[in-house]
Structure formats: C-alpha cells, structure tokens
Amino acid sequence: MGDFSLPLVSADNVFAMGTVLIGLAYFGFWIDNHPIGKKTSGVVWVLVLAMALSNFRIIPFTSPAYDFVGGYMVSLAIPLLLFKADIRRIFRESGKVIITFFIASAATVAGAIIGFFLLDLGEIGPKVAGTYTGGYVGGAVNFLAVSQVVEMTESQFTSAISASSVVSILALMMLIAIPTVKTITKFIPTQFSDTIDDAEKEQLKDSSRSKVYLRHLTGALALSFGICAVAGAIGNAIGQSQYNILFVTILTIIIANAFPKAMDRLEGEFELGMIFMYVFFAMVGSSTNATAFLGSAMVLFFYGMTIIILHLVIVLGAAKLLKIDLAEAIVASGAALVGPAVTAAIAISQGWRTLVTPAIMCGIFGYVIGTFIGVAVTQFLM
C-alpha cells in the first residue's frame, strides 16, 4: 500500500517539478490573453492552481526546485525588467503627467500608512504596508522585491499578492469607469478626446510587441547574472545580504542610465523577466498551505481597498485643486496602481493618443522608485 500522505510528485524529481512550475507559468500567460484572464489576471490563476496541486498532495510543499526559483530566478528577473529604466528619457517623454504621478505615488503612501492604523494587520502589518506600497507605486516586480527585502514568508506573500490582485482588478475597473461619471467630469474636466480609430488602436498594440533575438536574450541574461553576482558580493562585504535585491535594483538603474542606447536596442528581455516572475508565482503558490492563506487574505483585501480608495480620493482632489486634466490624472494614477502596460491600454481605449507614451514612461519610473519607497514605509512603521 502506498503512503497517501506523500505527494504524487517527489520533491527531488527536478524535471517533473520543472514541468509543473513552467507549465503553470504557461497557463498564466495563456489565460492572460483570454477574456476571463483579462478580468481576473493570470497571476491569480497560477497561484490558485499551484496551491490546489500542493494542498491536494499532487506536488510537495517544499522542493529543491523551489529553492532554486526563489534563490536565483527572482533576482535574475529584476534587471531584465528594469533595463529600459532610462530616467532622462522618462522625464523627457512623460511631460506634465510625471508631476501628477508624484502626487499619485504620495497618495499611495498616505493610503498605506492611514490604512495601517485603521486596520489590525497583526505582526506582519509593516511588511504588508511596505509591500503594497511598492506594488501600488511600481508593479509586481516591486511587490516581489519589497517582500524579499522585508523577509515575508511564502505563505504571507501568497496571501498578500492574491488579495492585492483582486484589489488591482477593482482599481482597474474604477479607473476605466471614472471618465464616464458625469459628476466627476463636471468638476474635473478633460481636454482630451477620442482621436484614435480602431485601426490606429491595433497599430499601437502591435508596436508594443517585442521581437526575439537570441543575441539580445543571451546578452541580457549574462548581464543580469553579472549584476546579481556583483550585488551579492556587495551585500556580503558589508554584512547586509538581505538587501541584495536593492543592490541589484541600484546597479541595474545605473547601467540603464549609463548605457541607455544599448539598453533600448534590447528586444525580448522584459518578456524573459516576466517568465521568471510567473514561475516564481507558481513556486509561491505551490509552497503555501491553503488554511493559513484563507485566514489572512480577507483583511488584506480590505487593506488594499482602503489604499486604493484613499489614493483615488487624494489624486482626484489634487486634480480639482491644481486644475489637472482628468485624463492626465487617470493616466498618472493608473501608472502607479496597475502598471505601464495596462495604463497604456486604458489610454488607447479612451483615445488619449498623446498620453500613451507618458503612461508607459511613468509606469517604468514606478518600477525604478517603488522598491525603495516600499522598504522605507516598512521601516517607518516598524
């Protein structure tokens, strides 16, 4: 008789574990391109399916494969996602929207701190506050980086990102709905109108699709390895290895701004970084006990919603007070809350042609600063 307490897939079966983790990442990308995925996010599906597999004892809660993904693949993803972070270009091409983006980022910080004192988040409160701040100023890469720096456990991370994913979906719906609310448009008008026809919308979408060149991918990956190696050496030398991801971020930003033309020519490195990220999400879900997850996710959902609501109130209030165009306020807010790609899609769907580039540039700038702001919030609240 077999031992039914053991998982079906052995923890030491690296090839089988790799099949599961990368297969889950594939499913996440696949569902992202379908209506249900666009409404719920592929990340949520990856986490939930991975949790189901481990909690029903198909795969183990711990495995050397998980150690590799969490210990190495995450760090490699950070540079790949930040190689285009040319700060001079960001400020040059984002126009007035960058000013509103600073207001939006400050609104996220205010919402995180106020929500922290309004809700009882328990011992992990400061960690959650910083992680959510990083995610709602930058994006998933910052959410992940802050969680690593503040040393969240895998179960804490799963609860936090699952609740945050649902909140992000609701935030996206709010951002899309705001321009249709006459009460808001009456007090905060916009000069932007729908100037993009369907053919131009498709052209803008196509222009954002990267080509794949093997020399670009291998070069970017080699550079990412080198950055991680140097960052690790710095962390070990000063006895602060828990901040290695911060050092990785700093070194990447330095390189991105020292060699902007070379980095701009790269194709496909961002997509490779996203693959690593989705594999990481699969690993986190696989190592999470569902009972612990369900116990803490609800309060984190309400905390995330508190941040989003306060964020939007502050941004719209500032837009009214400072006479900021409603379209620019929404784009700046979206760049912080839901990231550059989604915000660019919002601008495209609304016909705000001239705001597509600022949406992308401000979103990338959020990637640059989100981790540092998130860690600072955690330190402030501890």
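The largest cavity of this predicted model is lined by Ile78, Leu82, Val141, Asn142, Ala145, Thr249, Tyr367 and Thr371, where a cavity is a set of points on a 1 Å grid over the protein atoms alone at which a 1.4 Å probe fits but cannot get out, and lining residues have an atom within 4 Å of a point. Its volume is about 30 Å³, taken as the space filled by probe spheres set on points joined across faces, edges and corners. The lining divides into five nonpolar, three polar and no charged residues, with Ala, Val, Leu, Ile, Met, Phe, Trp, Tyr, Cys and Pro counted as nonpolar, Asp, Glu, Lys and Arg as charged, and the others, Gly among them, as polar.

Three helices (DSSP runs of H or I, at least four residues, numbered from the N terminus) each supply at least two lining residues, and helix 8 gives the largest share, three residues.

| Helix | Residues |
|---|---|
| Helix 4 | 64-82 |
| Helix 8 | 140-149 |
| Helix 19 | 356-381 |

Helix 15 (residues 269-286) is largely enclosed by the rest of the structure, because 14 of its 18 residues are buried, that is, under 20% relative accessible area with a 1.4 Å probe and protein chains only.

The largest nonpolar core, a set of buried Ala, Val, Leu, Ile, Met, Phe, Trp, Tyr and Cys residues joined through side-chain atoms within 4.5 Å, has 118 residues, with Tyr132 and Phe280 among those with the most contacts inside it. Helix 19 contributes the largest share of this core, twelve residues.

Residues are numbered from 1 along each chain as its sequence is written, and side-chain values use heavy atoms, with hydrogens and water left out. Local features need pLDDT of at least 70 and side-chain atom pairs count only at pLDDT 80 or more, whereas totals for chains, interfaces and linings use all residues.

Methods. The expected span of a helix is 1.5 Å times one less than its number of residues. Buried means under 20% relative accessible area, exposed over 50%, partly exposed in between (1.4 Å probe, protein chains only). On a 1 Å grid over the protein atoms alone, a cavity is a set of points where a 1.4 Å probe fits but cannot get out, and a pocket is an open set with protein on both sides within 12 Å along at least five of seven lines; lining residues have an atom within 4 Å of a point.
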